[in-house]
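Here is a walk through one protein chain, from its overall build to single side chains. Keep the viewer open and follow along.

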Amino acid sequence: MTDPSSLTAPVPAAPILSVVVPVRNEVGNVGPLLADIEMACTPLGAFEVVFVNDGSSDGTPAALTALAATRPWLRIVTHAQSCGQSAAVRSGVRHAQAPIVATLDGDGQNDPAFLPAMLEALRTAGMQAGLVQGQRVGRKDTGFKKLQSRIANGVRGRLLKDGTRDAGCGLKCFRREAYLALPYFDALHRFMPALMVREGYTVVHVDVRDRPRLTGVSNYGFFDRLWVGILDLVGVWWLIRRRKRVPRIVTEAQS
């Protein structure tokens with residue numbers, strides 16, 4: 001007689017890392033990018049990838065569905081309409097199952113090969129570290145886009161003084177609970193270092209290399225930067241000035 005216990009499927013291990021990728025109209029990039037993420041994360045142990053389809057109007061949804069058919073660790077979150085990169089990141093983090101989350105852009109320019117080093121940097125820094133922020137070197141963008149980012153990061157850095165020269169880099173690794181405690185607003189992903197410091201966490205910086213985009217064009221471009229972010233920048237500056245002291249719990253009463 002067959003032992004019923006032998007028919008029980010093994011319980012999949014809980015992921016130690018969730019990789020969140022916001023995408024909009026990236027049909028030609030999702031496959032190669034997912035392959036690179038799989039190669040980088042497989043040696044780490046159990047992981048998951050959460051693609052957030054931010055209202056794509058091309059073949060991206062079908063491509064993601066086909067990829068998920070053979071990858072049980074791939075999950076897909078779909079927005080009915082495009083809500084922007086910050087909203088897509090937040091949806092992905094809220095659906096993430098691991099205590100540590102990494103993010104990268106869906107165009108393939110962020111190299112997943114840096115994910116293991118960023119995860120290790122967060123662990124090494126200890127529980128006081130809330131975020132590992134990638135800082136791009138050797139960027140593959142156009143000269144105008146690099147100039148635009150340099151100006152935006154320069155203004156932001158002088159005002160917020162968070163020690164980050166490239167807050168717009170999509171490669172980040174952070175504690176999920178720390179991220180969910182941050183005040184949410186559009187463009188949050190560009191102010192995470194300053195807001196993490198505001199919450200009492202330290203921020204670790206890791207240099208990462210950019211890659212050329214494989215196909216398509218940028219979907220979160222010019223008007224997603226400084227020029228429409230002035231109010232957000234002033235708002236974050238105001239939040240930092242208003243936060244005087246972060247409570248540190250030293251004892252907890254027992255009932």
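Eight helices and seven strands make up the chain. The model is predicted. Of the 255 residues, 47% count as buried. Contacts reach far along the sequence: among those between residues at least 6 apart, 81% join residues at least 24 apart. The chain exposes about 13,000 Å², and carbon and sulfur atoms supply 58% of that area.

Start inside. The largest nonpolar core has 32 residues, and Val19, Val21, Ile37, Val49, Phe51 and Leu104 touch the most other members. Many elements feed this core with at least two residues each, including strand E1 (17-23), helix H1 (30-41), E2 and helix H2 (60-68). Strand E4 (100-103), helix H4 (115-125), strand E5 (129-137) and strand E7 (202-209) do so too. Another core, of 24 residues, lies apart from it; Val20, Val50, Val89 and Ala187 are among its members.

Look at valine 21 in detail. Leaving out residues up to four places away in sequence, valine 21 touches Leu33, Ile37, Val49, Val50, Phe51, Val52, Leu104, Asp105 and Gly106.

Now turn to the polar side chains. Aspartate 54 lies in strand E2 (residues 47-54). Aspartate 54 is buried, yet has no salt bridge. Its nearest side chain of opposite charge is arginine 24, 5.3 Å away. A salt bridge needs nitrogen and oxygen within 4 Å, so that pair does not qualify. What aspartate 54 does have is a polar contact of 2.9 Å with the side chain of histidine 79. Histidine 79 also makes a side-chain polar contact of 2.8 Å with serine 91. Serine 91 is found in helix H3 (residues 85-95). Serine 91 counts as buried because its relative accessibility is 18%, under the 20% cut-off. Val52 and Val77 are among the residues that serine 91 touches.

The structure holds six salt bridges. In one, arginine 71 pairs with glutamate 38, with closest N and O atoms 3.8 Å apart. That pair links distant parts of the chain, 33 residues apart: arginine 71 sits in the loop between H2 and strand E3 (74-79), and glutamate 38 in helix H1.

Arginine 211 bridges to aspartate 111 at 3.6 Å between the closest N and O atoms. These partners are 100 residues apart, in the loop between E7 and helix H8 (226-242) and the loop between E4 and H4. Arginine 211 is partly exposed, at 21%, while aspartate 111 counts as buried, at 18%. Asp36 joins Asp111 and Arg211 in a network of salt bridges.

Notes
Residues numbered from 1 in each chain as written. Predicted model: local features only at pLDDT ≥ 70, side-chain atom pairs only at ≥ 80, totals over all residues. Heavy atoms only, no water. Helix = DSSP H or I, 4+ residues; strand = E, 2+ residues; numbered from the N terminus. Buried < 20%, exposed > 50% of the residue type's maximum accessible area, 1.4 Å probe, protein only. Lys, Arg positive; Asp, Glu negative; His and termini not counted. Polar contact = N/O pair within 3.5 Å; in protein donor to acceptor, adjacent residues only side chain to side chain. Core = buried A, V, L, I, M, F, W, Y, C linked by side-chain atoms within 4.5 Å. Contact = heavy atoms within 4.5 Å. Areas by Shrake-Rupley, 256 points an atom, 1.4 Å probe, with all protein chains shown as cover.
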